[in-house]
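Trainee: I've just opened this one and don't know where to start. Could you walk me through it?

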Amino acid sequence: MKQKGLNREMLTLLYGDDVNLFDKPKPDKGSGEPTRMKRILVWPNITFDIEQLEKDSYVQTIHKMIAGLNEKRNDLWWELVLPLTSGDFTFFDEFDNVDVVQVKWPQNIQTTRGHFDKFSLNTSFVKKDTDAEGKMVSAHDGIEYKIRRERNTTIGKTQDTDFNIHWKYYEDEVNWNFKDIDLIFSHLPETTWNLLNYLGNEWHHLPPVLGYCHWFDVDEVCNWQYPAFIRECEGISLMKKCYVNTESQKQLVLKNAKKHFSDSFVKELDNKIEPYHLPVTDSHVSSEVKKPFVDGLGKQTIVFNHRTKTYKDFKNFILKICDPLYEKRQDFKVWIPLLDLAQMKEMGDMSWQDRLVKNGGYIDDTKFDDKESYHNYLSQCKVGYSPPQKYNGWSVATTDGMMTGCPFIMFDADYYHELNPTADYFTGYDYAVKLLEKYLDDDKYRDEKAKESLDYVREKLTWSTAIKRLSEDIDAVVESTPSANPDGDGMKKILKDLKEVGSMTKRELISQRWGSGIKFTPYRRALMNHPNVKDTHQRISTYQWVDKKDENKSK
């Protein structure tokens, strides 16, 4: 039997017959309970291999945020835009309030900063992007145009010129016009204007933006031809608030912004940027300090679990820390789990092969595919090293060590003092070598510093302590949106119809009645503020009229 759909004749010409063209409608999610939902669209910042998406630091962070918020509240729905992967991506399947929208995504990190593809967003429900001969279908020849859909003068209404069949999955679940978006949570400020332009000008959304910028193309670290710093700052100016990793990072951004913008604009950035220290998962915090591991050759382990990049001072760590220390003593090895030989093939008089433990050197490049094994190995290291860095960011590598009971010595800089004020600090490489020797030789002192860092993590750096602020900020930013006049003619008509019917999807609510120049977001806020109206905890926005007497009876 031929698959029914939108203008099947035209789709057959494009893709051939008997093709499973569309993704299957997604299974129902959510509790189905009426509540005052807040629906959040999240734009990503992907820096890792797309085919190992679950290992990306952003993906890990947003997963922890959702998990933490779900423990506190049940009124949030998440639309996560993520890169399209070749296989099934199931990392967020455990959550019943998360939808993942996968779109085509650039592999190059710098290219992502300017990337925005509305066509992939519009047709994210289509599996194929090649025609019957295997040729790529260009964006302007794709589903959105070839099915010859016409938008009516009212924005909620769509027509087929040849068929009366509307495919329900497309209309309810994929068409962004029939979704509610109360908040954009953007982790890539460069995309802010594109998102607001797409959702607000093409559709009828006016969502406020909460941001989180994990990286800025500041002069201190940017060595590529076309940095995105100006666009990042412009994106933040369109937000209500933007998190950064540290106060030190904020000051670095403001310093660079003064080179490009007026004093008033820099002041605006100052008012909107706030540090949000990335916490650790409560369950990952070790209950006690473990005894460091000593291998069969009597070697203890120093760990450098940062990226082996120039901005992490990796070359100096090898040449000015490890090599001099190894000349004095050979009772240690240096574990570098993120060792990338393509970055630093040879340094100094010793080759990488000579530095590897298996050849009698000191580098241990053991890698683990799972976090549990990584954390266990880390907990048995004698001491970790946090290098000077040109980018004043938060060091997840350091907090990983702290939470497992491995103490770290740190470069004396504000961004590390924010992270752990109880640590030992160094300003020069010679003193760093002396500190490492102290930790290698003095077990009692090492354990005391490990316990201090563990206690600090438990008190200051867990998600259970940080999630409350995120929850409050989500509410404040959503509620900052102006609400329509509850006594206006438009609201009165909506409320009258909703009370008569009892329950209406967003499509039913706006179809045939919504002019393309009218933005729905203020009416959404008025509905969510009305004592008798709630939104169902499920994928499809469904407004329900709740009689207060019936509601009290059910309690």
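**The sheet and its helices**

Trainee: In what order do the seven strands of the open sheet come?
Mentor: Keep in mind that this is a predicted model. The seven strands make an open sheet, and their pairing is parallel. Going across, you meet S4-S3-S2-S7-S8-S9-S10.

Trainee: Which strands are the edge strands?
Mentor: Look for strands that pair on one side only. That picks out strand S4 (98–103) and strand S10 (273–275).

Trainee: Which residue in S9 is the bridge partner of Gly211?
Mentor: Start with strand S8 (residues 209–212) and strand S9 (residues 241–244), which run parallel and are joined by three bridges. Follow the bridge from Gly211 into S9 and you land on Cys242.

Trainee: At what angle to S2 does helix H18 run?
Mentor: Helix H18 (residues 463–479) lies across S2, S3, S7, S8, S9 and S10. Against S2, helix H18 runs at about 105°.

Trainee: Now for H16 and H17: are they roughly parallel or roughly perpendicular?
Mentor: Helix H16 (residues 429–441) packs on helix H17 (residues 443–460) with the axes 5 Å apart and an angle of about 105°. Angles of 65 to 115 degrees count as roughly perpendicular. So H16 is, relative to H17, roughly perpendicular.

Trainee: How many residues of that contact are charged?
Mentor: H16 brings Lys438, Tyr439, Leu440 and Asp441, while H17 brings Asp443, Tyr445, Arg446 and Lys449. Three of the contact residues are nonpolar and none is polar. The charged ones number five.

Terms used: Residues numbered from 1 in each chain as written. Predicted model: local features only at pLDDT ≥ 70, side-chain atom pairs only at ≥ 80, totals over all residues. Heavy atoms only, no water. Axes fitted to C-alpha atoms, helices over the stretch in contact; angles between N-to-C directions. Helix = DSSP H or I, 4+ residues; strand = E, 2+ residues; numbered from the N terminus. Parallel < 35°, antiparallel > 145°, perpendicular 65-115°, else oblique. Contact = heavy atoms within 4.5 Å. Nonpolar A, V, L, I, M, F, W, Y, C, P; charged D, E, K, R; others polar. Pairing = 2+ DSSP bridges.
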